[in-house]
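This report describes the helix contacts, strand pairing and backbone exceptions of one protein model. The sequence and structure come first.

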Amino acid sequence: MRVTEPAQHAVTHAKREAGRLGHDHVGTEHLLLGLLHDDQCWAAATLRGLEIAPETVRRRVEETIGQGPGEPGMGFGLPMTKPATLVLALAGREAMELDHDRIGTEDLLLSLAREGEGVAARILQELGAGLLELREAVAAQRAAGVDPEPFPPDRGPPPWQPPPSATLHRVIPLAQEHRLPSGDQLVLISLEVWSDWLDLRYAVVYATPEPEGELPRPPVIGSCEVSDGSGTEYVNWVSSHPSFGMVRVHQRTFVPAPPAGAERLELRFGPPGTVRGEAPPLLVSTVDLQ
């Protein structure tokens, strides 16, 4: 599901708010401040529908969190807390449950209330903007025929979608365990070869528990590349993985499928924080397709 331009801007503003306030993370409180930058977005209109001035919310947030100990900055390199990351995931669920065709600022606002435990959720509840009240206000806007928020300008081809007539050709079990420099394990699980793409499944098994506090666990691997020795250019279109847990199963979808006659694939995993081809790989593994 695509994200509207105001919603994308709200996340960017959230990072700037965290930097402006000298904080070392981006939390739900900063996401709420980010939503309030655009007085014409659906989130602001939803609050006004509940007779809550966006400026009142902003003032309450800033009074609650205060100025942090750090120097003010842009905030773009700050990590997001677990609750803030959860909010971004919940926004998609809100949009689907309300039958929206896009994720807008109203869905972000609803997900802040739905998260339930963060600073933003507490402030919204105190101001009379709990989840039920917000859902009713969003429904009222929709019933009134308010135009949905626009998508950002087209910057290229639409996201890849698998064809409806796809066929699974084979599933290749891998069952390989590799120790990473971080001390964690990379476990290659399987490779699914479809008619038009291939899916690689692997897991990262962490050697240590989740970090204390709300900061996310740092990455232990970076890019993943696939090659077959015949010059086929594989594009990693889709990647998914859970945000928490000692064992996280990842799936990467590469397009196209290996050409007929390809005998093996080479999988290369790069170091964390690097892009494709920027540094020597951490791990190289060969998969026999025959």
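How many bridges join strand E2 to E3, and do they run parallel or antiparallel? Eight bridges join strand E2 (residues 185-194) to E3, and the two run antiparallel.

## Basis of the model

The model is predicted, and local features need pLDDT of at least 70, side-chain atom pairs count only at pLDDT 80 or more, and totals for chains, interfaces and linings use all residues. Residues are numbered from 1 along each chain as its sequence is written, and side-chain values use heavy atoms, with hydrogens and water left out.

Helices (H or I, at least four residues) and strands (E, at least two) are DSSP runs, numbered from the N terminus. Two strands pair if DSSP finds at least two bridges between them.

## Strands E2, E3, E5 and E6

Strands of a sheet pair through backbone hydrogen bonds, either parallel or antiparallel. In the pairing of E2 with E3, glutamine 185 stands opposite valine 205. A hairpin of three residues joins E2 to E3. Strand E3 (residues 198-205) is mostly covered, with six of its eight residues buried; buried means under 20% relative accessible area, exposed over 50% and partly exposed in between (1.4 Å probe, protein chains only).

E3 also pairs with E6, in the antiparallel sense and over eight bridges. Here tyrosine 202 has histidine 250 in E6 as its bridge partner. Strand E6 (residues 247-255) pairs with strand E5 (residues 235-240) as well, antiparallel and over five bridges, and serine 239 is matched with arginine 252 of E6. E5 and E6 form a hairpin with six residues between them. In its turn, glycine 245 has a positive phi of about 115°.

## The sheet E4-E7-E8

Three strands form an open sheet in the order E4-E7-E8, with antiparallel pairing. Its edge strands are E4 (224-227) and E8 (283-288), each of which pairs on one side only. From one strand to the next, the twist averages 20°.

Strand E7 (residues 264-269) is joined to E8 by six bridges, and the two run antiparallel. Leucine 267 stands opposite serine 285 in E8.

## Helices H5 and H6

The axes of helix H5 (residues 82-97) and helix H6 (residues 105-115) come within 7 Å and cross at roughly 120°. That angle makes H5 oblique to H6. Axes are lines fitted to C-alpha atoms, for helices over the stretch in contact, and angles run from 0 to 180 degrees between N-to-C directions. Angles under 35 degrees count as roughly parallel, over 145 as roughly antiparallel, 65 to 115 as roughly perpendicular and the rest as oblique.

On the H5 side the contact (heavy atoms within 4.5 Å) includes Pro83, Leu86, Leu90 and Arg93, and on the H6 side Leu108, Leu112 and Arg114 are among the residues met. The residues of this contact divide into ten nonpolar, one polar and six charged. In this scheme Ala, Val, Leu, Ile, Met, Phe, Trp, Tyr, Cys and Pro count as nonpolar, Asp, Glu, Lys and Arg as charged, and the others, Gly among them, as polar.

## Helix H7 and its neighbours

The axes of H6 and helix H7 (residues 119-126) come within 7 Å and cross at roughly 95°. H6 and H7 are therefore roughly perpendicular to each other. Leu109, Leu112, Ala113 and Glu115 of H6 meet Ala120, Ala121 and Leu124 of H7. By class, this contact has six nonpolar, no polar and one charged residues.

The buried residues of H7 are Val119, Ala120, Ala121, Ile123 and Leu124. They pack against helix H2 (28-35), helix H3 (42-49), helix H4 (54-65), H6 and helix H8 (131-143). Glycine 128, which follows H7, has a positive phi near 85°.

## Backbone exceptions

Most residues other than glycine have a negative phi, and most peptide bonds are trans. Aspartate 99, in the loop between H5 and H6, has a positive phi of about 60° although it is not a glycine. With 60% relative accessibility, aspartate 99 counts as exposed. Alanine 175 lies in strand E1 (residues 168-179) and has a positive phi of about 50°, again without being a glycine. Alanine 175 is exposed, at a relative accessible area of 69%.

A cis peptide bond joins valine 255 and proline 256, with omega about 5°. Proline 256 is found in the loop between E6 and E7.
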